[in-house]
Amino acid sequence: MSELIQSSKVTALTKINDFVVKFANVNGSGSASANGLFAKAVFRMGIPISPHNIFPSNIQGLPTWFEVRINKNGYLGRREGVDLIVAMNEQTIGKDIASVVPGGYVLYDSSKTLSNELLRDDVTYLPIPLKDICLEEFEKPTQRQLFKNIVYVGALSAFLNIDFKVLTELVSDQFRGKEKLILPNIHALEIGHQYASDNFECPLNLRLEKSEENKGKILMDGNTAAGLGCVYGGATVAAWYPLTPSTSVVDSFTKYCKRLRIDAGTGKKKYSIVQAEDELSAIGITIGAGWNGARSFTATSGPGISLMQEFLGLAYFSEVPIVLFNIQRVGPSTGMPTRSQQGDLLCCAYASHGDTKHVLLFPANPSECFEYAASAFDISDRIQSPVIVMSDLELGMNEQICDPLNWDDKSRYDRGKVLSAAQLEEIEKYGRYLDSDGDGIPYRTYPGTHPHKGSYFTRGSSHDSYAAYTEDGAVYAEVMDRLTLKMKTAVNYLPEPVFSETSSNNLGLAFIGTTTSAINEVIDSLAKKGITPNTMRIRAFPFHDSVTEFFGAHELVYVIEQNRDAQLKSLLKIECNIHEEKMHSILSYDGVLITAQHVEKSIINSMNDMNASGEVPA
Amino acid sequence: MQAEKFPHKTAVTMSYINKPKFKHPQMQTNDIGLTRRDYEGTLTTLCGGCGHDSISSAIIQAAAEMSLEPHRVAKISGIGCSSKIPSYFLSKAHGFNSVHGRMPSVATGANIANKELYYVGVSGDGDSASIGLGQFCHIVRRRINMLYIVANNGTYGLTKGQLSATADLGSKTKSGEESHFDNIDMATLAIELGASFVARSFSGDKKQLIPLLQAGLSHKGFAFIDVISPCVTFNNTDFSTHGYKNTWENHIALSEVDFVPMREEITTSYAAGKDKEITLHDGSAIHLHKTSNDYDPSDKENALHHINAYKKQGKIATGLLYINQSMSDLHELQETVDRPLNSLGNQELCPGSETLNDINNTFR
């Protein structure tokens, strides 16, 4: 029996379906698929989980972590502290072991003796000689390396009481079509399971029990959902430049187009994907296609957004529909390319020089990534302006439990105000930028529609209602005012905020996107302290009137967001004219998902401060 | 002088123009019943004598003679004097004056959306050789089926006469600033990057330019024409290599081209051995008159050699420099459906809820 290093002082954690497992690996060592296997197995056991990849901007060698929160209450945000670490990276093992909460567990490769300074007396060590086992069991060097990961998953299945059948089914699903790989993987899982069972008392007090919490749910990442949403939304043109963390949006679009967009008769493609030379070209292609009547999109992240500014101004001013996915990462500049933030709100809301404004959508989960991706094309066609879907790395690249993706077969694409040849016949004089309906949205024509009616010259220079160049200030101002009206009209087509009213009190929380993952936990734990704020999840910009009304109905609203400069708060101040004293910021900008603990602590501290100064809201 | 250089038939007497219905030659109608006026654009706002206006006029004549349906053309440009040109021809066609140096990407997107239109991109040397050089290179690589014209005057006209990247080494601006750098030759660049049709011409030489424009429009694939187009205000001195004087004196046609639309083929005959006929994708043809140097435009290396050899002598090689009719365009390479992508609707594009449920199941 292997040596079990355990101090008598340890009171090992006893937790069922409520703990955090963190895997510390070396990037490029093949850990991702093993860790994914673990997460998926827990999901299939019906227990809510939220996996988070914390990875470096690197292909091989640097540290990478996979953090899985398991929570029976469905708290899917991050939680601080680690209950069980799988410490596979010698570079970080000191920090990794230190991150474990007292009473927690450390699973490590005991092929090499752990140095004394890494020994804590308040945690339980689970040594497994992974390297030695794999040397003995496998012949090929790559197998010896890769299967170390699978062996620890096998061991975890014994430690944490994972249904072994669920694991073997998953392996069979994962390697369907590559049958040769199934048996060795299952063998590796068995070795791990066997070793843990033989050498330790299994399961631990930290363990899983089958549950029914995930009924009907799926486990998917936001970018996969967004790419699929583009297929369903009728996108035929995608132009892009590879950029983490946006790349997988186009990967997903490509994958599903290959399956779902091939003409049955000819085998030809009902789509075109162009990997452009840079983001300028990517958005230029998108605009050219949008102008010519194809639904087109591009996906990028912060540095790409910076490059696309000039073109966004063109699309706004010349009124060309396009869809842009901004999978936000940490800026400024190159920033932390593989970390997450909500840091591009201001630069997207008013992207480009001059007076501009763009529609932003804020999905909070993969189902919404799908839904907003598809509806972004309708909105964009309807308002003839760019629509930017503001996801982030956290949502885009991590799997998340969500409702299954939903499509209404009765729905039809809304191509907006586009005149056909027959309609043009009826019109005496066509004006591309005439506001005939009084809603700020003019009528467009596609090139080639009619032999002598409906052509116009699209330009980024100042133009009149008939698209003719003008330097007449009054005419210019008229166009700009119509664009303001158009953005007001646009709000009617945007998803409304989601409100939850717990009680009629004067305290509110406002937030967007991935911040949502922390909120149910915040609400529950504040309720235990007698604090019951109402919540508003904003889902689109420009804001609905109901956003302003929410602030009107509350004395104080905590605006919770993941950036340094309180950008959402700034937008609310600018757009809704909300007084500074009505809003308190709660900010998180370290690149990893905001935690409920941070939000709760900030609220409590702030309320204590106000109590002390006597300005607490009633 | 120019008449001697180009003794072949002039555009006005081209055999394929129908008999005029009206007495005034300007009011002649073409095969689809349109007059030259139907191909015109708005009144020019360029300087009097600007080479670019001759390009507009050549495009008008080329399109009218070919009986192109104006509304089946999309005109796309960047920013600068050159990029104003699309306003001045084919007002029945949709136009898009985009952002500086980015016409290629906008044209790419437009072409992808609807492969059934003719795409005419008009750019300048600042637009394509400096700020947009990257986009130029990549649209050539991507083989977009279009006619790409660079109105090349070696200067930044709209910002009052700075040197451009096509200004020849040692040439001087009006204010006397000398270019210390080698010029970028857009034609050789296009050949090297894989353009399947590359020509150079001179805005002042319509007899050469018009058939080249027509051939470029009929060519399937990326057709590039570098048109030396003097800037009368800022780059037309005796030292300007892009000025009228130098270009008249030093442009030498490597090949002399006639364009023969498909429907005229039967009635047009050329003496065997004297001319070479190249059939284009749409059934029209170009006839290459043999010149003294026995130039073969199907040979890439030969083309580059000739252009560079003439350049060393201070000469500008013009005419059809290179052609390859067998290259696939982007749509063929990507195997897009026959119908334009912008014509596909719900039924063709949306896989429906049943498929989505199957997909959902793969994430359980």
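Q: How many bridges join strand S18 of chain A to S2(B)?
A: Strand S18 of chain A covers residues 457–459 and runs parallel to S2(B), where helices (H or I, at least four residues) and strands (E, at least two) are DSSP runs numbered from the N terminus. This is a predicted model, in which local features need pLDDT of at least 70 and side-chain atom pairs count only at pLDDT 80 or more, while totals for chains, interfaces and linings use all residues. Residues are numbered from 1 along each chain as its sequence is written, whereas chains are lettered from A and ligands numbered from 1 in the order in which they are written. Two strands pair if DSSP finds at least two bridges between them, and the number joining S18(A) to S2(B) is 3.

Q: Which residue in S2(B) does Thr458(A) stand opposite?
A: The parallel run of S18(A) and S2(B) takes in residues 457–459 of chain A. In S2(B), the residue opposite Thr458(A) is Phe96(B).

Q: Which element gives the most to the side of chain B that touches chain A?
A: The contact takes 50 residues from chain B and 56 residues from chain A, two residues being in contact if their C-beta atoms, placed from the backbone, lie within 7 Å. Among the elements of chain B that each supply at least two residues to this side are strand S2 (94–97), helix H3 (103–113) and helix H12 (352–361). With 8 residues, the element that gives the most is H3(B).

Q: Which strands of chain B are the edge strands of the open sheet S10-S12-S11?
A: The sheet has 3 strands in antiparallel pairing, in the order S10-S12-S11. S10(B) and strand S12 (residues 285–289) of chain B are linked by 5 bridges, with Glu256(B) opposite His289(B) in S12(B). Each edge strand pairs on one side only, and the two are strand S10 (256–260) and strand S11 (275–279) of chain B.

Q: At what angle does helix H7 of chain B run to S10(B)?
A: Helix H7 (residues 206–218) of chain B lies across both S10 and S12 of chain B. Axes are lines fitted to C-alpha atoms, for helices over the stretch in contact, and angles run from 0 to 180 degrees between N-to-C directions. On that basis, the angle of H7(B) to S10(B) is about 55°.

Q: Which orientation do H9(A) and H11(A) have to each other?
A: Helix H9 (residues 279–291) and helix H11 (residues 309–318) of chain A have axes 9 Å apart and pack at an angle of about 15°. Leu280(A), Ile283(A), Gly284(A) and Ile287(A) in H9(A) meet Phe311(A), Leu314(A) and Ala315(A) in H11(A). Angles under 35 degrees count as roughly parallel, over 145 as roughly antiparallel, 65 to 115 as roughly perpendicular and the rest as oblique. The orientation of H9(A) and H11(A) is therefore roughly parallel.

Q: Which orientation do H1(A) and H5(A) have to each other?
A: The axes of H1(A) and helix H5 (residues 164–174) of chain A come within 9 Å and cross at roughly 125°. The contact is made by Leu37(A), Lys40(A), Ala41(A) and Arg44(A) of H1(A) together with Val166(A), Leu167(A) and Leu170(A) of H5(A). The orientation of H1(A) and H5(A) is therefore oblique.

Q: How far apart do the C-alpha centres of domain 1 and domain 2 of chain A lie?
A: Domain bounds come from an automatic or database domain assignment, which gives domain 1 as 15–207 and domain 2 as 220–402 in chain A. In their contact, 12 residues of domain 1 of chain A meet 7 residues of domain 2 of chain A. The distance between the C-alpha centres of these two domains is 35 Å.
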